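Got the viewer open? Let's take a walk through the model, one selection at a time.

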Amino acid sequence: MKTEALSVAVPYLIEQDYSAYTDEQHAVWAELVGRVLPELEKHASSAYLDGFQIIGLQRDRLPRLSAISARLEPRTGWNSMPVSGFLPAPAFFEMLAARRFPTTTWLRSRESLEYTPEPDIFHDVFGHVPMHAHPVFADFLQHYGQICARLTDKNDLERMGRLFWFTVEFGVIRQNGQIKVYGSGLISSHGECTYVINGGPEIRPFNVDQVLDQQFSTSEMQKVLYAVESFDEIYEATQEAERRLG
């Protein structure tokens with residue numbers, strides 16, 4: 001586990017005890033994947049679907065983070081690093097800036113298949129990590145972490161949080177004239193993804209000014225989402241935000 005570039009995040013790093021996962025947990029993972037993957041194969045962005053293959057996710061077994069990182073790092077420099085749980089902002093931003101994605105290792109129970117209040121390994125790995133194989137998205141996420149690590153103003157950090165929400169968590173892209181999902185909150189939630197596919201939210205063209213000021217709720221379906229035409233737009237958005245904030 002490469003930690004040379006980290007300092008404030010180090011106390012939160014752990015080892016993934018893969019042998020501790022039970023047959024029931026592997027079965028829950030398989031059920032979670034089986035619930036969403038057929039839909040994603042039709043409605044996820046090509047970047048996500050390509051990344052799913054590149055990092056070697058299995059449909060019936062929980063992911064081994066070291067194996068994923070071994071496939072991912074030669075491509076974009078990113079690693080998936082196991083952490084003890086929710087990270088404070090400075091540690092989170094430091095890890096992103098170092099291309100180290102903090103990944104929880106616990107898995108939701110069968111009773112909580114649709115939703116967990118805190119991210120688990122299904123949200124973190126199945127939802128997030130395939131996108132880290134896309135070179136432009138990978139650069140965007142690192143740059144985002146670098147910017148946020150330098151910010152001290154609470155309002156600036158709040159505005160950057162909205163950029164993360166409407167891209168990394170609830171991002172959509174227009175592909176061949178169709179809306180496709182790439183944000184982890186959509187990828188890893190059957191209900192959220194179905195809601196978008198069925199035309200629930202208003203889909204607006206991506207606009208960095210609107211995104212930085214767009215309020216959102218974490219406890220209900222999203223009323224507004226922002227569609228990019230390419231991932232260059234979100235990388236350019238970090239550059240534009242950097243010029244305006246801090």
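Start where two helices meet: α6 passes α11 in a left-handed crossing. To bring them up, select residues 135-150 for α6 and 232-244 for α11. One thing to keep in mind as you click around is that this is a predicted model.

**Stop 1: α6 and α11**

How do these two helices run relative to each other, and at what angle do they cross? Their axes come within 8 Å and cross at roughly 15°. Angles under 35 degrees count as roughly parallel, so α6 and α11 are roughly parallel to each other.

Now show the side chains. On the α6 side, pick Val136, Phe137, Asp139, Phe140, His143, Tyr144, Ile147 and Arg150. They meet Asp232, Ile234, Tyr235, Thr238, Gln239 and Glu242 in α11. Colour this contact by residue type and you'll get 7 nonpolar, 3 polar and 4 charged residues.

**Stop 2: α6 and α7**

Keep α6 on screen and add α7, residues 154-169. The axes of α6 and α7 come within 11 Å and cross at roughly 165°. Over 145 degrees counts as roughly antiparallel, so that is how α6 and α7 lie to each other. The crossing of α6 and α7 is left-handed.

Which residues make this contact? From α6, highlight Phe137, Phe140, Leu141, Tyr144, Ile147 and Cys148. From α7, add their partners Leu157, Met160, Gly161, Leu163, Phe164, Thr167 and Val168. The colouring here gives 11 nonpolar residues, 2 polar and no charged.

**Stop 3: Arg162**

Stay with α7 and click on Arg162, which lies in this helix. Is Arg162 buried or exposed? It has 7% relative accessibility, so Arg162 counts as buried. Setting aside residues up to four places away in sequence, Arg162 touches a run of neighbours: Val211, Leu212, Asp213, Gln214, Gln215 and Phe216.

**Stop 4: the sheet**

Next, switch to a cartoon view and look for an open sheet of 4 strands, ordered β4-β3-β6-β5 with mixed pairing. At the edges are β4 (178-181) and β5 (202-205), each pairing on one side only. From one strand to the next, the twist averages 40°.

Now select β3 (residues 172-175) and β6 (residues 224-228), which pair in the parallel sense over 2 bridges. Click on Val172 and you'll find Ala227 of β6 standing opposite.

**Stop 5: Phe206**

Follow the chain into the loop between β5 and α10 (208-213), where you'll find Phe206. Its relative accessibility is 11%, so Phe206 counts as buried. What does Phe206 touch, residues up to four places away in sequence not counted? The list includes Leu163 and Thr167, Tyr226, Ala227 and Val228, and also Ile234. Leu163 and Thr167 may look familiar from the contact of α7 with α6, and Ile234 from the contact of α11 with α6.

Want to try the distance tool? Draw a line from Phe206 to Glu94, 112 residues away along the chain: the C-alpha atoms are separated by 27 Å.

**Stop 6: Thr104**

Finish in the loop between β2 (100-103) and α5 (121-128), where Thr104 is found. Thr104 is buried, with a relative accessible area of 7%. Leave out its neighbours within four places in sequence, and Thr104 is in contact with Val83, Gly85, Pro119, Asp120, Ile121 and Asp124. For a last distance, go from Thr104 to Gly200: they are 96 residues apart in sequence and 30 Å apart in space, C-alpha to C-alpha.

Technical notes:
Residues are numbered from 1 along each chain as its sequence is written. This is a predicted model: local features need pLDDT of at least 70, side-chain atom pairs count only at pLDDT 80 or more; totals for chains, interfaces and linings use all residues. Side-chain values use heavy atoms; hydrogens and water are left out. Two strands pair if DSSP finds at least two bridges between them. Axes are lines fitted to C-alpha atoms, for helices over the stretch in contact, and angles run from 0 to 180 degrees between N-to-C directions. Buried means under 20% relative accessible area, exposed over 50%, partly exposed in between (1.4 Å probe, protein chains only). Contact means heavy atoms within 4.5 Å. Angles under 35 degrees count as roughly parallel, over 145 as roughly antiparallel, 65 to 115 as roughly perpendicular and the rest as oblique. A crossing is left-handed if the near helix is turned anticlockwise from the far one by less than a right angle, and right-handed if clockwise. Ala, Val, Leu, Ile, Met, Phe, Trp, Tyr, Cys and Pro count as nonpolar, Asp, Glu, Lys and Arg as charged, and the others, Gly among them, as polar.
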